[in-house]
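Visitor: I would like a close look at a single part of this model, with the surroundings described first so that I can place it. Please take your time over the backbone.

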Amino acid sequence: MLNNNQYGKVKESLAERYLSDSYLVKFSVLSRKEIRVYTKVLIQIVVLLMFILSVACTENEQQISFSKDVMPIFVEHCTQCHNEGGVGHNESGFLMKDYDSIMQGTKLGPVIQAGQSHASTLQILVEHKADTSINMPKGGIKLPKDKIEIIKKWIDQGAKNN
Ligand code: HEC
């Protein structure tokens, strides 16, 4: 028979043995090595999925609509000066009433080169890449980035009347 003191000591040593790390690893379903291998595989799968997702996203590039996406931006930021008789129309001849007038451009010619935003005067002006005195909206603040991006994509997608 163990006395109380001895019994306590046995209990302590058992607890030490069974609750230690190595005990947990030894009796868990996976070994340390397996856990490492599975973690590696899991990370590789996640990286692969992210790659597939990013490719899928670029292939499905958003199609911009002139009437739904672009014209509302022009109406909000441009037509107050580029309507008939407005200061922008009077000085440059650039009317922004509808698709046809926008594609016609100024007295000197088109300001949009379909498919080539970098060569389009309109894009250069809204990106504030020209002289401050002629950037658009004239005398106003630059358009928010997302709106500039919509106009750019629309031009690069062919500046269609869609
Ligand atoms: C506050 C009035 C005003 C607003 C708003 C405005 N414009 Fe203009 N815009 C002008 C004036 C005035 C001109 C004539 C040229 C000049 O003075 O710079 C002009 C000229 C232009 C030209 C012709 C530049 C050239 O080659 O001669 C383009 C393109 C143009 N604007 C685009 C836009 C676009 C796009 C917007 C909206 C994002 C816009 N404008 C908003 C006043 C305005």
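How many helices and how many strands does the protein have, and what can be said about the loop between helix 8 and helix 9, where Pro137 is found?

Guide: The model is a predicted one, and in it the protein has nine helices and zero strands, so that the pattern read along the sequence is α-α-α-α-α-α-α-α-α. Of its 162 residues, 14% count as buried, and among contacts between residues at least 6 apart in sequence, 43% join residues at least 24 apart.

The loop you ask about runs between helix 8 (121-126) and helix 9 (145-156), and two features of its backbone deserve attention. As general background, most residues other than glycine have a negative phi, and most peptide bonds are trans. His128, which has its place in this loop, shows a positive phi of about 55 degrees although it is not a glycine. This residue counts as partly exposed, because it has 15 C-beta neighbours inside 10 Å, a number in between the limits of 12 or fewer for exposed and 20 or more for buried. Further along, a cis peptide bond joins Met136 and Pro137, with omega at about -5 degrees, and Pro137 is likewise found in the loop.

Met136 also leads to the ligand, since of the 23 residues around the ligand it is among those that come nearest, together with Cys78, Cys81, Gly88 and Lys138. By class, this shell has twelve nonpolar, nine polar and two charged residues, and helix 8 supplies at least two of its residues, as do helix 5 (79-82) and helix 6 (87-92).

The two helices that flank the loop meet again in the nonpolar interior. The largest nonpolar core has 18 residues, and those with the most contacts inside it include Val126, Ile151, Trp154 and Ile155. Helix 8 and helix 9 are the elements that give two or more residues to this core, and helix 9 gives the most, with three residues. Leaving aside neighbours within four places in sequence, Ile151 is in contact with Val70, Ile73, Gln123 and Val126.

A last residue makes a useful comparison with His128. Ala159, in the segment after helix 9, has a positive phi of about 45 degrees, although it is not a glycine. Ala159 counts as buried because it has 24 C-beta neighbours inside 10 Å, whereas His128, with 15, counts as partly exposed.

Definitions and conventions
Residues are numbered from 1 along each chain as its sequence is written. This is a predicted model: local features need pLDDT of at least 70, side-chain atom pairs count only at pLDDT 80 or more; totals for chains, interfaces and linings use all residues. A residue is near a molecule or strand if its C-beta atom, placed from the backbone, lies within 6 Å of it. Helices (H or I, at least four residues) and strands (E, at least two) are DSSP runs, numbered from the N terminus. Ala, Val, Leu, Ile, Met, Phe, Trp, Tyr, Cys and Pro count as nonpolar, Asp, Glu, Lys and Arg as charged, and the others, Gly among them, as polar. A nonpolar core is a set of buried Ala, Val, Leu, Ile, Met, Phe, Trp, Tyr and Cys residues joined through C-beta atoms within 7 Å. Two residues are in contact if their C-beta atoms, placed from the backbone, lie within 7 Å.
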